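This report looks at selected helices and residues, with attention to burial, exposure and contacts.

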Amino acid sequence: MLKSLNLTGLDYILVLLLLLTEFTRSAFFLTFWPLYAVNFLHLSVVTAGVVVSAHYLSETLVKGAVGYQLDRRGRPVLIVGLIISFLSLISIYLLNVKHELLMVLSGGLFGLGFAPVWLAVMSQVAPIDRPDRAGRIGLVFSAWLIGAGAGPVGINFILPIGFRPTFQILILLWLTAVLLVIVIPFRTKTTSTKVSPVEQFKKLARNPMVVKVLLPGMFLQTMAASLLLPVLPIYATKVLGLASQQYGLLLTAGGAATVLFLVPMGRLVDRLPLRVMLTGGFLLSAIFLAAFPLTKNLTYIIILVLLVGGSYAMVLPAWNSLLARAIPAEHQATGWGIFTTLEGLGIATGPTLGGVISGYIHPVGTIYLSAIILGGMGIFYLFYPFDQLSCPQE
């Protein structure tokens, strides 16, 4: 399957870079840091959470500007970013409990440094002018999902050696990524023009495809997914009565299904109309998600999780292929940066809304709302003539 994508050695190295950095980042912020902050530094859970939020918020807010610099200057932006994240890790390692504000700032700097990684890999491995870009997008997302999923789980097998040695291993992993980027020769620079992110956003805002199709869909689909973030652990333990190990099995199964199907689905996106893949992916995701509250049988729940993961794998490459139609080839990193920033707004909105619905109504209400949103999007892409909208590049 990978042979058909005609990947170069550089492509494989960049995909490895994304996997390594996402593994380290997710392992640190999603598993290691909360435990280290509370149990080793004796910080409050609130402080630990603020550091995590500062990281992800800073990454989201600067992606458009970082993409602009990546388009103009290329690899140096990625190198500087990785070094900034490396120094932020070192600073957190050296700081003690008396410097909580500096820890928050370091978490934010880590996000700032991480911002160009995904943009550089996507614009290099899956440039928008390639006819097989959907398959390559599937590969990039596979690396991202593997890193994001394996990091928080895998770090638990290292933690028994102690907090400080584990921290040192994470620092070494990030240093490996820095050295990898410094050594390998590649060029991510795509333009020498001075079109700022603001001007690029205005340009995209004049595109009817962006205004009528992409922006609403971008916000709604990320919100639908993030609605479930604060709800799923509660639903799994209190409603289904699952142990934490069983819940971890469900998350692993869903992530594995998505990763396994991403590249094959990406190849299908290259061959089938986007309408088929988008409609099928959204509608199937909605149907399988809505079926969750109908059973408490663990076997059936695992099957549904696998089906949702496979359906999501249909959506990801198709959706990003649709996004690519609105991104000028000479400003790829800028365009991807702007779009991922807007997606981040949906991710930021979902958990709050999901928590409110779960608290005042029931966790099942959040699951059904997410399914309704996804189903509505499937129906929209089935009937709306988005293929007829223009996508001006100039």
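The text below treats one helix and then two residues from other helices.

The model is predicted, so that local features need pLDDT of at least 70 and side-chain atom pairs count only at pLDDT 80 or more, while totals for chains, interfaces and linings use all residues. Residues are numbered from 1 along each chain as its sequence is written, and side-chain values use heavy atoms, with hydrogens and water left out.

Helix α3 covers residues 75–94, and its end C-alpha atoms are 29 Å apart, which agrees with the 28 Å expected for 20 residues at 1.5 Å a residue; the expected span is 1.5 Å times one less than the number of residues. Helices are DSSP runs (H or I, at least four residues) numbered from the N terminus. Among the buried residues of α3 are Val77, Gly81, Phe86 and Tyr93, and their cover includes α1 (9–40), α2 (45–73), α4 and α6 (163–183).

Buried means under 20% relative accessible area, exposed over 50%, and partly exposed in between (1.4 Å probe, protein chains only). Two residues are set out by this scale.

| Residue | Relative accessibility | Class |
|---|---|---|
| Leu101 | 62% | exposed |
| Ser311 | 3% | buried |

Leu101 is found in helix α4 (residues 100–125), whereas Ser311 has its place in helix α12 (residues 298–324). A polar atom of the Ser311 side chain lies 2.8 Å from the backbone oxygen of Leu307. Not counting residues up to four places away in sequence, Ser311 touches Gly281, Leu284, Ser285 and Phe288, where contact means heavy atoms within 4.5 Å.

Conventions. Helix = DSSP H or I, 4+ residues; strand = E, 2+ residues; numbered from the N terminus. Polar contact = N/O pair within 3.5 Å; in protein donor to acceptor, adjacent residues only side chain to side chain.
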